[in-house]
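Welcome to a short set of exercises. Keep the viewer open, try each task yourself, and then compare your steps with the worked solution.

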Protein chains: 2
Amino acid sequence: MGSLDSNPASLDAFAADAEGFQPLNADDVRSYLHKSVDFIYDYYKSVESLPVLPGVEPGYLRRLLQSAPPSAAAPFDIAIKEIRDAVVPGMTHWASPNFFAFFPATNSAATIAGELIASAMNTVGFTWQANPAATEMEALALDWLAHLLRLPESFMTMNRTAGGASAQGTGGGVILGTTSEAMLVTLVAARDAALHRMGSNGVVGITRLTVYAADQTHSTFFKACRLAGFDPANIRSIPTGADTDYGLDPARLIEVMQADVDAGLVPTYICVTVGTTSSNAVDPIGAVADVTAQFGTWVHVDAAYAGSACICPEFRHHLDGVERVDSVSVSPHKWLMTCLDCTCLWVRDAHRLTDSLETNPEYLKNDVTDSGAVTDLKDMQVGVGRRFRGLKLWMVMRTYGATKLQERIRSDVAMAKVFEDSVRADGRFEVIVPRNFALVCFRIKPGVAMEEKDAERANHELMERLNRSGKMYLAHTVIGGKFVLRFAVGSSLQEERHVRSAWDLIRETTTEIMEGKMRVHVCTDCSDMFLQILDLE
Amino acid sequence: MGSLDSNPASLDAFAADAEGFQPLNADDVRSYLHKSVDFIYDYYKSVESLPVLPGVEPGYLRRLLQSAPPSAAAPFDIAIKEIRDAVVPGMTHWASPNFFAFFPATNSAATIAGELIASAMNTVGFTWQANPAATEMEALALDWLAHLLRLPESFMTMNRTAGGASAQGTGGGVILGTTSEAMLVTLVAARDAALHRMGSNGVVGITRLTVYAADQTHSTFFKACRLAGFDPANIRSIPTGADTDYGLDPARLIEVMQADVDAGLVPTYICVTVGTTSSNAVDPIGAVADVTAQFGTWVHVDAAYAGSACICPEFRHHLDGVERVDSVSVSPHKWLMTCLDCTCLWVRDAHRLTDSLETNPEYLKNDVTDSGAVTDLKDMQVGVGRRFRGLKLWMVMRTYGATKLQERIRSDVAMAKVFEDSVRADGRFEVIVPRNFALVCFRIKPGVAMEEKDAERANHELMERLNRSGKMYLAHTVIGGKFVLRFAVGSSLQEERHVRSAWDLIRETTTEIMEGKMRVHVCTDCSDMFLQILDLE
């Protein structure tokens, strides 16, 4: 490479065409975006008829697209064509109204527009100075959502004073990419505070710190604990059961915490979930806050999915007690019509986060930061760089208003109830846990003629057939040792007819399985008679 | 709230209008996006004339927008109007061609289109099954970029075999949000591997682990180490100096590492930077790999900014030795015309990451994952959820091709050289470190008539005046104790005329400062004569 000159004397060597390559030419931007909008319009119009789960094999994309990057430029239409021909057929269509798996990634016209504008502006708001509008919009959007959720003012950036004016509070918020990051940064803050209280300047003593969560808590919590350096032996998973509908039992919690304290350990952090991923169980926030207060444990509320429902007064009670916790996270990218990614984290004392997460490199120093009048959002997250995430969340609230958002939550819940009622009305099925929000956990139930083991096989088979059909997609979980189907309502193109069609398909497929594929089996040991499922692949 | 019913008997209660609220109605999507495209077009056409740094005070946005969220819906035009009237005037315009601060966030028509389509599809590809196309597109885009960078095949997901066919390798990659996350996940993998080698099942022994980086390394590295639980006392910042152009000196490194080993500590991880944020210094990858091999230390290369330049053969030598490191990260959102956020992380052995980061909750289990034929990308990052980030990176390479991307890098470097030559030709200035890429670090130089202290004041004043003018924005740093101005070329709307205008403004402002605001000062102690800067506010 000795002959290559990385410092040519003039620009002319590279300006092959008159103006050179202008990646952000406004006319190109408009043209490419108009083509993309056309693609999106067609996609939304057709996604209902596409298989929800694609029938592709691992490695399929390499067989359709070129394996090495091209040297030459290509018309933008080529990329769009390859997306149509190669990407779409290999997608799991979360936008499909027949998507009932996981939690839906709800979306809206306003939020996509907000994200588009943010992508075009493409600012990096690590400090207030690096983008005052983005920093302030993020705080405003978080305060707005806190209002809708009726979070205590202590979590807001701006409090209202008695006279009606507003004043900077001690609380604060930040928009992160995932709940996992919200857990990680609060875990680190709690860890450092606990170590500090123990007189440790570094991490000496970290092996004495303990963390807690119900066994229904998302696995990412246990991963976040390990990322933050907590000892795996000190991560307590508190067993739950049907007696509390799989919510955390404060009596069990205090037993475990007290035993740890008696053993010289330091209860540092507990994660409380409102709406677990598996079954939408709700841990009792207030009772946990009561139990843990004596230990000085950081209480975090993970309301990633169900938090959004709490903008409706009839669901708000699930957050009761939140005024006594240290931090709360809610992901509007799940159920508040905000496209990925958008996890809101509020902390009651912003300084407890920034104490652990602050950096102060010379090249980011500026007078406004030095004045202490602003919070630089890089000091409340893992990274430095950050997109203008507040815009798309603000645009959802600004455009739809609280009423429409509540209407949509209620409509989703009502559709889930339609489904639940259908399940309960069919004697072959059972609803496994009470439905709290828009997730129904159900299964073909075992009975006199079907053992538990066969029921598991039948439910497995039902899920496989439904998902293979391309006509719908649902997921499963295990609750109390039982294999259970999860039917999550709320995908943003979903209407009641999709829920009813899905139920019809479930019913019919179950009939096929149960009628066509069973035989009477007489046990050679006990002589009892069972129905046995046959030919399940 | 006892009177509120969260389980109404029918949907009718909520379907006030015939169809209810349809947040993703295709016609609304098209209409909102067309309005957004018009806004973006106008923005790009006018951004050149907007003040790069806004003259707003903290709290400005609350005075312009309503403090509480609205109940009622509003036409989409209202949001656009408020963005025009309240957001734009408070923005630091990273898209402005007069932006020379930090590193530019380069952008392009193709990538914005890719991000838009991804936002509309809004899939969450945590597992392969949850979106095969997104998972495979991410691996393909990473392999393409690895090709452009001529990374060894050991970092790629698919290797070419001797016969020309391809086969799954042990390497792998993932697209993350920030370099910080890339550092964090590799730090955790290195930490766990070191602990495991020490016979520790948990984190007992973590206080013996040491990590290393040159003192010019981004502050976020030291933060990532603390997040991962490394003891602050064990985080080594190796001093650099002008003798190595502020690159890491391997001789110093081995001294420090050997001393640690002699003290019973365990060198676990070193971060090598190609193109530091402060001054674009380059640590010698190969020499560091040689030094650390004997200790089994994980070597990570952070080429966040300058990595993109290495798609040009004349810059590729900066990555020499990369075949002997464990992981590399490059952020195309800095200099490869890809909008935020997009940090590419490659690891030579993907299992070393997934061993630490894997989770396996019941509700994500599926046959394809169980088969081992795929990597679920959630196991290579902090969180679970993830956007379809591969699309926008792939679209950049697909649409522009290697040649155009190289052309743009070279054009940016050539423009930086134009600026550098201008600085060198003006006797009042000096270039502080050799320019490696498109960043020029310079200052008004002290001389016989200006003490170091006065030079610092003059440079401070110059920066303040330039940035306050709204006509340009540059940042500063401190190198070798000197206050230095950073002039970073490459913002995607930038042309040579903007660089030349900026230089003219710098020249003229310097003249104003030096001619209008100095007086001769005779020191009462030494009787020497100095120029003193006056009235700098």
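**Exercise 1. The end of a helix**

Which residue with a positive phi follows α8(A)?

*Solution.* Gly264(A) follows α8(A), and its phi is positive, near 85°.

A word on conventions before going on: this is a predicted model, in which local features need pLDDT of at least 70 and side-chain atom pairs count only at pLDDT 80 or more, while totals for chains, interfaces and linings use all residues. Residues are numbered from 1 along each chain as its sequence is written, chains are lettered from A and ligands numbered from 1 in the order in which they are written, and side-chain values use heavy atoms, with hydrogens and water left out.

**Exercise 2. The two sides of α8(A)**

Describe the length of α8(A), then sort out its buried and exposed residues.

*Solution.*
- Step 1: Start with the length. Helix α8 of chain A (residues 250–262) has 13 residues and reaches 18 Å from its first C-alpha to its last, close to the 18 Å expected at 1.5 Å a residue. Here the expected span is 1.5 Å times one less than the number of residues, and helices (H or I, at least four residues) and strands (E, at least two) are DSSP runs numbered from the N terminus.
- Step 2: Pick out the buried residues, which are Leu253(A), Met257(A) and Asp260(A). They cover an arc of only 55° around the axis, which puts them on the same side of α8(A); the arc is that of the directions from the helix axis to the C-beta atoms. Buried means under 20% relative accessible area, exposed over 50%, and partly exposed in between (1.4 Å probe, protein chains only).
- Step 3: Turn to the face directed away from that buried side, where you meet the exposed residues Glu255(A) and Asp262(A).
- Step 4: Ask what covers the buried residues of α8(A): the cover includes β4 (209–214), β5 (235–238), β6 (266–273) and α9 (285–293) of chain A. Contact means heavy atoms within 4.5 Å.
- Step 5: Finish at the start of α8(A), where a side-chain oxygen of Asp249(A) reaches to within 2.9 Å of the backbone nitrogen of Ala251(A).

**Exercise 3. Where two chains meet**

How many residues does the contact take from chain A and from chain B, and how much area do the two chains bury between them?

*Solution.*
- Step 1: Count the residues: the contact takes 189 from chain A and 188 from chain B.
- Step 2: Take the area. Chain A and chain B bury about 16,100 Å² between them, 68% of it on carbon and sulfur atoms. Buried area is the accessible area (1.4 Å probe) that two parts lose on being put together, summed over both.
- Step 3: Look at the contributors. Phe21(A), Leu24(A) and Tyr363(A) supply 6% of the area that chain A buries against chain B, more than any other three residues.
- Step 4: Count the salt bridges between chain A and chain B, which number 8. A salt bridge is a side-chain nitrogen of Lys or Arg within 4 Å of a carboxyl oxygen of Asp or Glu.
- Step 5: Find the source of the surface. Helix α13 (residues 390–425) of chain A gives the largest share of the side of chain A that touches chain B, 20 residues.

**Exercise 4. Follow Asp341(A)**

Where is Asp341(A) found, and which residue forms a salt bridge with Asp341(A) at 3.2 Å?

*Solution.*
- Step 1: Locate Asp341(A) in the loop between α10 (332–335) and β9 (343–347) of chain A.
- Step 2: Check the backbone: a cis peptide bond joins Leu340(A) and Asp341(A), with omega about -10°.
- Step 3: Within the chain, Arg389(A) forms a salt bridge with Asp341(A), the closest N and O atoms being 3.2 Å apart. This pair links distant parts of the chain, 48 residues apart, with Arg389(A) in the loop between α12 (367–371) and α13 of chain A. Both Arg389(A) and Asp341(A) are buried.
- Step 4: Across the interface, the side chain of Arg387(B) meets that of Asp341(A) in a salt bridge (3.5 Å, N to O).
- Step 5: Widen the view to the network of salt bridges that links residues including Glu115(A), Asp341(A), Arg389(A), Lys392(A) and Arg387(B).

**Exercise 5. A positive phi in chain B**

Is Asn280(B), a residue with positive phi, buried or exposed?

*Solution.*
- Step 1: Read the phi of Asn280(B), which is positive at about 65° although Asn280(B) is not a glycine.
- Step 2: Place Asn280(B) in the loop between β6 (266–273) and α9 (285–293) of chain B.
- Step 3: At 0% relative accessibility, Asn280(B) counts as buried.

Key:
A polar contact is a pair of N or O atoms within 3.5 Å; within protein, one must be able to donate a hydrogen and the other to accept it, and residues adjacent in sequence count only if both atoms are side-chain atoms.
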